[in-house]
Amino acid sequence: MAGYTQVWTPLDFEADGKQCDWLRLPFSTDLSGYGVVPIPVICIRNGDGPTALLIAGSHGDEYEGQVALARLSREIEAADVRGRIIILPSLNLPAVEAGRRVSPLDDGNLNRSFPGNPIGAPTTMIAHYVGTVLLPMADFVIDLHAGGRSTNYVPCALIRSGGSAEEKNKLIELATAFGAPVTSISDGSGGGGATTLSAVAQELGVPALTAELGGCATLSRTGTALAEQGLRRVLKLYGMLPEANTDTGPSTRLMRVRGRGAFVYAMRKGMFEPAADLGDVVQPGQVAGVIHVVDRPWDAPEPIVFSEGGMVACRRALALTAPGDCLYKLLVDLDAD
Ligand SMILES: [Zn+2]
């Protein structure tokens with residue numbers, strides 16, 4: 001059913017000019033039998049040229065990208081553009097409105113719902129529309145994230161290796177222009193694996209850059225500024241915003257996840273007291289923190305240690321912790337052993 005979707009919009013992606021409208025995602029309820037979820041979409045087109053697909057709000061409690069894309073869509077006019085910019089600042093709108101990672105309509109995690117389902121739950125229908133309608137139009141896609149309620153991140157970009165050498169070069173060019181302090185190159189085996197937007201983009205041969213801009217369900221000023229400037233630098237690189245007033249951007253440090261040991265997990269319930277901060281460089285065997293036993297405060301807290309060395313790229317933001325919660329993710333330089 002690749003060609004079938006129930007999501008539609010009166011917006012004409014082939015028309016020149018600036019259009020602001022909504023995707024219509026059918027959602028039939030007791031109080032709204034023929035109802036739709038209106039998902040904001042902005043298309044700014046001026047003649048031939050590349051197509052940029054810019055997305056935020058895939059997870060609702062990640063705010064820097066949502067604000068950056070809303071501002072970009074207000075500031076850019078069609079006359080400024082060569083080609084086409086498609087902007088979706090709040091892709092999983094029900095999750096955005098609820099301030100949650102997942103949608104309250106179906107508990108769907110949009111960036112774990114690819115390739116999606118045209119006749120599935122609402123979140124899977126959005127994923128399917130992105131993968132079958134929006135991504136095939138795009139010359140590149142930027143998907144803006146942050147750590148959400150549970151996690152805080154060093155501002156960084158994520159790209160996937162594994163495509164051809166030409167694709168990898170394009171991705172490194174994209175990440176260099178975006179200019180995050182750190183770019184993490186993954187082989188796609190961690191995190192969401194084949195269920196993410198970047199996985200589907202890679203299959204379609206569309207260069208995809210994911211950014212992590214902050215976390216804790218707050219709005220980081222640094223992360224928002226990075227998104228706004230980084231997007232303009234990328235659009236200029238592609239010749240789509242020729243007059244954009246951008247600096248060359250800071251250089252990005254190419255890093256990677258060494259393996260499964262880069263992720264530190266809690267394996268008991270309690271209160272997590274961290275012993276390392278974002279950006280810290282840690283050694284194997286170093287204490288990562290302790291987990292306090294809430295109902296037996298006289299018991300010694302359980303120590304957590306790093307099994308590998310690296311830089312702390314993200315850390316759990318919440319103190320209350322359950323078995324299986326990720327506490328840290330470490331990155332090492334690309335050429336590290
Ligand atoms: Zn996210």
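What spacing do the donors of the zinc ion follow along the chain? Keep that in mind while you click around; this is a predicted model.

**Stop 1: the zinc ion.** Select the zinc ion and show the side chains of H59, E62 and H145. Zinc is held by ND1 of H59, ND1 of H145 and two OE contacts from E62, at 2.1 to 2.4 Å. Reading along the chain, the donors give you H-x2-E-x82-H, which settles the opening question. Now trace where the two histidines come from: H59 sits in the loop between β3 (51-56) and α1 (64-75), while H145 belongs to strand β5 (residues 140-145), so the pair ties together parts that are 86 residues apart in sequence. Turn on a surface and check both histidines: H59 and H145 are buried.

**Stop 2: the angles.** Stay on the zinc ion and look at the angles between its donors. The four donor atoms subtend 58 to 150°, so the arrangement counts as irregular.

**Stop 3: from β5 over to β9.** Follow H145 back into strand β5, then select β9, residues 208-212. The two strands run parallel and are joined by five bridges. For one pairing to zoom in on, pick D143, whose bridge partner in β9 is T210.

**Stop 4: the other partner.** Keep T210 selected and add β7, residues 156-160. This strand pairs with β9 the antiparallel way, over three bridges. Here L158 is the residue standing opposite T210.

**Stop 5: both faces of β9.** Is β9 mostly covered or mostly open? Mostly covered: five of its five residues are buried. Color A208, T210 and E212 for one side, and L209 and A211 for the other; both faces are covered.

Terms used. Residues are numbered from 1 along each chain as its sequence is written. This is a predicted model: local features need pLDDT of at least 70, side-chain atom pairs count only at pLDDT 80 or more; totals for chains, interfaces and linings use all residues. Side-chain values use heavy atoms; hydrogens and water are left out. Donors are N, O and S atoms within 2.8 Å of the metal (3.2 Å for Na, K and Ca); water is not among the atoms, so sites may look incomplete. Four donors count as tetrahedral if all angles lie between 85 and 135 degrees; four count as square planar and six as octahedral if opposite donors are over 155 degrees apart and all others between 65 and 115; anything else is irregular. Helices (H or I, at least four residues) and strands (E, at least two) are DSSP runs, numbered from the N terminus. Buried means under 20% relative accessible area, exposed over 50%, partly exposed in between (1.4 Å probe, protein chains only). Two strands pair if DSSP finds at least two bridges between them.
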